[in-house]
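This report looks at how helices are arranged and what they touch. The sequence and the structure come first, and the text then turns to angles, contacts and burial.

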Amino acid sequence: MKLKFNSIFAVLALSSFASVVAAQNAAVVPPMGAVEKAPVEQTKAEKAEATSEKSNVEKAGALPQEKINAITSNIEKSFGVKVLEVNATPYTGLYEVLTNETIVYTDADSSFILAGHLFDTKTTDNLTQQRVKEQSAKAFAKLPVGEAVKRVKGKGTRKLVTFEDPNCRYCKALYKELEQMDDVTIYTFLVPILAKDSVTKVRDIMCSSNPALAWHEWVEKGQKPAPQSKANCEEPNPKTLDLARSVDVRGVPVILFPNGERRNGFVRLSEIEEIISQK
């Protein structure tokens, strides 16, 4: 049986992970001949050597392509995921594997898989969380927002993406919170996951002449969208469901932020404003 990882987006929402604590104590050794040069020249030499040493440390452990291919093949076959990148970490013998679902760690022979958070003991930085946010921010920029319900408040400079179901009561509560925002563009992907008639409602909203208005009328007034014929509209549900799976939407609402942050469930306006203002 193949094990499955959690989504790259979902890692930020998990409350706990196994932690890996590591430290790097690499020493920079000046060149032997540096002491024979004038002080100014010695300083330059030491700086150049330090830069060179630092570069070597950063590149230490870089794998040949055949090793990367072997790690990729092993992990994809064992866990049923798509490996996107294999990168050296600052720690000897430990490699980061970025998949389409999450980040894990392994050795050069992929003899083990470590799924958890990697902390640096010198800085106490959560390196895994930093990488997840970086990848989430990149993924946010690639979302097909042209296929979403678009709502512009004020100038619409700030951006948000939500995943919602027409039959979700918490989504309706979130809608009211977002209505109070200014200078924001909200892209809502409607995903039919809660009830049988969600499929019909999503199609009727998205195939209407004005999806944003149809969505507003349903959420605010409970007015059902006019029935739409399948013959006159490309079925929106399969694409949206595939997109939702790719960002690990398992419930609604879900809010994605451009900075890589994510919130699952209903969120108050004050918290949304705080998160969206962060870099």
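For the angle between two helix axes, 65 to 115 degrees counts as roughly perpendicular, while angles under 35 degrees count as roughly parallel and those over 145 as roughly antiparallel, the rest being oblique. In this predicted model, helix α4 (residues 169-178) packs on α6 at an angle of about 110°, and the two helices are therefore roughly perpendicular to each other. Lys172, Tyr175 and Lys176 of α4 make this contact with Trp215, His216, Trp218, Val219 and Glu220 of α6, a set that by class holds 4 nonpolar, 1 polar and 3 charged residues.

Helix α6 (residues 211-221) also packs against helix α5 (residues 196-206), their axes crossing at roughly 135°, so that α5 and α6 are oblique to each other. On the α5 side the contact involves Lys201, Ile205 and Met206, which meet Pro211, Ala214, Trp215 and Trp218 in α6; by class, this contact has 6 nonpolar, no polar and 1 charged residues.

| Helix pair | Axis angle | Axis distance |
|---|---|---|
| α4 and α6 | about 110° | 10 Å |
| α5 and α6 | roughly 135° | within 8 Å |

Helix α3 (residues 127-141) has 15 residues and, at 1.5 Å a residue, should span 21 Å, which agrees with the 22 Å between its end C-alpha atoms. At the start of α3, the backbone nitrogen of Thr128 lies within 3.2 Å of a side-chain oxygen of Asn126. Thr128 is itself among the buried residues of α3, which also include Leu127, Arg131, Val132 and Phe140. The buried residues of this helix pack against several strands, including β2 (83-88), β7 (158-164) and β9 (254-256).

Terms used. Residues are numbered from 1 along each chain as its sequence is written. This is a predicted model: local features need pLDDT of at least 70, side-chain atom pairs count only at pLDDT 80 or more; totals for chains, interfaces and linings use all residues. Side-chain values use heavy atoms; hydrogens and water are left out. Helices (H or I, at least four residues) and strands (E, at least two) are DSSP runs, numbered from the N terminus. The expected span of a helix is 1.5 Å times one less than its number of residues. Buried means under 20% relative accessible area, exposed over 50%, partly exposed in between (1.4 Å probe, protein chains only). Contact means heavy atoms within 4.5 Å. A polar contact is a pair of N or O atoms within 3.5 Å; within protein, one must be able to donate a hydrogen and the other to accept it, and residues adjacent in sequence count only if both atoms are side-chain atoms. Axes are lines fitted to C-alpha atoms, for helices over the stretch in contact, and angles run from 0 to 180 degrees between N-to-C directions. Ala, Val, Leu, Ile, Met, Phe, Trp, Tyr, Cys and Pro count as nonpolar, Asp, Glu, Lys and Arg as charged, and the others, Gly among them, as polar.
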